Amino acid sequence: MPPLAAHDEPAGRASIAIVGLGPRGGSLIERLGVHLAALPSAPPIELHLIDDAQPGAGRIWRTDQTRELCMNTLADAVTLFTEPGSTVAGAVVPGPTLYEWCILAREQALGHGAPETAATAEIPSSRAATFAAYPARAGLAADYREELARLRPESHPSRALYGEYLSWFFERALTELPDSVAVVRHRARAIAVEHADGRERITLDRAKPATGNSVADQSITVDSVIAATGWLPRAASSSDAALADRVADRPELTWVRQGSPVEQDLSGVRPCEHVIVRGLGMGFFDTVTLLTLGRGGRYEPAPEAPGGLRYVASGNEPVLHVTSRRGVPFRAKSRYNALPPQAEQRLLREVDWRQVPRPMNFDAVLWPRIVGDAFLAHAETLARVKPGALLAGGGAAPGDPDPADALAGIEAAIRAAIARAGNHTDVPALGDIVDAIAAAVAPFIPASEDRLDLAGEIVPVHETFESPDAFDAWVARRVADDLREVDLGTDSAVKAGLWSVSSARGFAAQVGTLGGFDAESRSNGLALLTALGGMVGSGPPAFRNNELLALAAAGIVHFIGPEATLSVDERGFVASSRAVSGSEVTARALVDAWMQFHDARASEDPFTASLLDAGRARVFSIGSRSGAIAATGGLDIDAATGRLIGADGTLDAAVHVAGIPVDDTLHGTVISPMPGTDPPMLRETDRVSASALAVALRAAAPRIHEGALSA
């Protein structure tokens, strides 16, 4: 790539801007290079790269963050490379998964004379060749020596290490671009885009020089634009706006607003003080880690403790009182000592969903099958590990050493329950469908402790507690019981059923893309699947819940209860749950350990606002069962290209959007690319980069032709 000075004239070049340089931005660059390489001749391209965060890694995965924060994804379950069999239009370019990259980097540091290990021998030669052509940065293996030494395919790498992989991929993608591409980096935020003399003028904010070939202009003009902006700010909810009003004149109070944990300022949370925390998902575990291990605490082995650990406090930790809508922590990921098994989902996958009229009623047609698959997965695992727990003939016969008859009866009973749900004029409530299928299975599994309690996962706290201590003890037992299932791996019938529910999210996303589900389904069944699937299958690494038990035993973490109310009075922040008597907690500090999802209707991102205000973008709308049209939180785009659809329904001439801002439109854009899955993200970056290139070349053709004639 030849350097491009700030004063170079773009008359002889088509120009493209990519706004946002996280994982998706890096993939867009890589796919752009693939499409350029397929052209008969290499056209001159000016590529502007815009972001004020670390290129490649972005804000979430930046490499300077504490190593205590880890990925929720497994090391060998994430890639940014396409694979044979992928449905991308551009050429497949194989490369290493994160785990393979780490192993190759470790071997690289040992030198070529080092013997080949079993791990490196298993890496496909095409992937290893990609690494060999562009090795990891010097010093990487030394910087991450301890982590690389213990890394396994099923490990949860540090976020910083993943950031290194992303940065490597980004720089490799730039290196692989044809020489005809001139790259200009802008360490800035794009805050607006507008038509200007037939091209697109992007206004930049806080522009400052970056390393390498960079400029610090306050605006740039290009032929086509791709916005890959990721998580964006949105307006506060009405309840949070009211809370902000109450806190505005109380400078003694500290409210750490929602956001990425690595970017939240926790310095105002004082040692030993009581703090209210909202959220018990992944953000919560990150926040707890920063306020404990990050403040000098440590864990010691304690085989006699429920979680096998004892927390040794530093004295700098606060005391955390935590709540969420469900009131309990996310379930831990199972220890399979391998990558998770693929859920069969026989009932869900046997339907040709392409033939079902859209928009579908998710609650009626998908939800019963998702629930049925969960109970089937649970029963089949139970039959394998504890065959005596099943009765053939639905209780009419004694336990049978061969549980095949019982499994056949269970499947038949589930199918009958699904059929009954589908025969109702009014679809039964989601919970009623769960109860109906559970009741159909119960005669075949007589002992209640052997059954799958899916209803108890949807509403975990369905009783009242006489004291906060009683609730703390109940939550601790629940976490400890879950960890015992975690250690069973593939032999846990409970985890098999829950994993089936969690896995159904990806399948449902494919079925429901571009308005596949009606408006009522999105706020009902699909919302439940998303929340429940995240809680039971996308929870923390198991060691985080081991640590949580140690923190609870040390009095560092307490649980307020579900659906706690939050207010502000003269004492400070006040939270309490109706489910727990005496649960009221007062605190000077409140921490929001969760992140709001993007919603274009309430976006506070100025770049998005500039498009909406100009009528160049509109929110994606879907049909409801009444025939009315309902707006979603996603931006409306052309599925084939990623180009925006404007307020008048026309296709935008130049602006494309990829990723999280269109998740409510496409579904599944948040999921990192997983090997062997034909990842939606890579199919998206492939088609969007191809369109952006075509738009830029088409727009610049007259200008380039005119320049050639004048020369």
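## The β17–β18 hairpin

In this predicted model, strands β17 (residues 619–623) and β18 (residues 629–635) run antiparallel to each other and pair over 4 bridges. One place to look at this pairing is Val619, which stands opposite Leu635 in β18. The two strands form a hairpin with 5 residues between them. Within the turn you will find Gly627, whose phi is positive at about 100°.

The side chains of β17 are worth a look too. In a regular strand, side chains alternate between the two faces of the sheet. β17 shows this alternation: Phe620 and Ile622 point to one face and are buried, while Val619, Ser621 and Gly623 point to the other face and are not buried.

## The second largest pocket

If you are browsing for open space, the second largest pocket holds about 480 Å³. Its lining is made up of 19 residues, and those nearest the centre of the pocket are Arg331, Asp453, Glu457, Arg478 and Asp481. The elements that each give two or more residues to this lining are α15 (454–458), α16 (468–488) and α17 (493–512). Of the contributors, α16 gives the most, with 6 residues.

What is the chemical make-up of the lining of this second largest pocket, in nonpolar, polar and charged residues? The lining divides into 11 charged, 5 nonpolar and 3 polar residues.

## Two helices, mostly buried

Helix α7 covers residues 159–175, 17 residues in total. From its first C-alpha to its last, α7 reaches 24 Å, close to the 24 Å expected at 1.5 Å a residue. Of the 17 residues of α7, 15 are buried, so this helix is largely enclosed by the rest of the structure.

Helix α12 spans residues 367–385 and has 19 residues. Its reach between the first and last C-alpha is 27 Å, close to the 27 Å expected at 1.5 Å a residue. How many of the 19 residues of α12 are buried? The count is 16, and α12 is mostly covered.

## Thr323 in strand β11

Our last stop is a single residue. Thr323 belongs to strand β11, which takes in residues 319–324. Is Thr323 buried or exposed? With buried meaning under 20% relative accessible area, Thr323 is buried because its relative accessible area is 6%. The side chain of Thr323 also has a polar partner: it reaches the backbone oxygen of Gly561 at 2.6 Å.

Key. Residues numbered from 1 in each chain as written. Predicted model: local features only at pLDDT ≥ 70, side-chain atom pairs only at ≥ 80, totals over all residues. Heavy atoms only, no water. 1 Å grid on protein atoms, 1.4 Å probe; cavity = no way out; pocket = protein on both sides within 12 Å on 5 of 7 lines; lining within 4 Å. Points joined across faces, edges and corners; volume = space filled by probe spheres on them. Nonpolar A, V, L, I, M, F, W, Y, C, P; charged D, E, K, R; others polar. Expected span 1.5 Å × (residues − 1). Buried < 20%, exposed > 50% of the residue type's maximum accessible area, 1.4 Å probe, protein only. Pairing = 2+ DSSP bridges. Polar contact = N/O pair within 3.5 Å; in protein donor to acceptor, adjacent residues only side chain to side chain.
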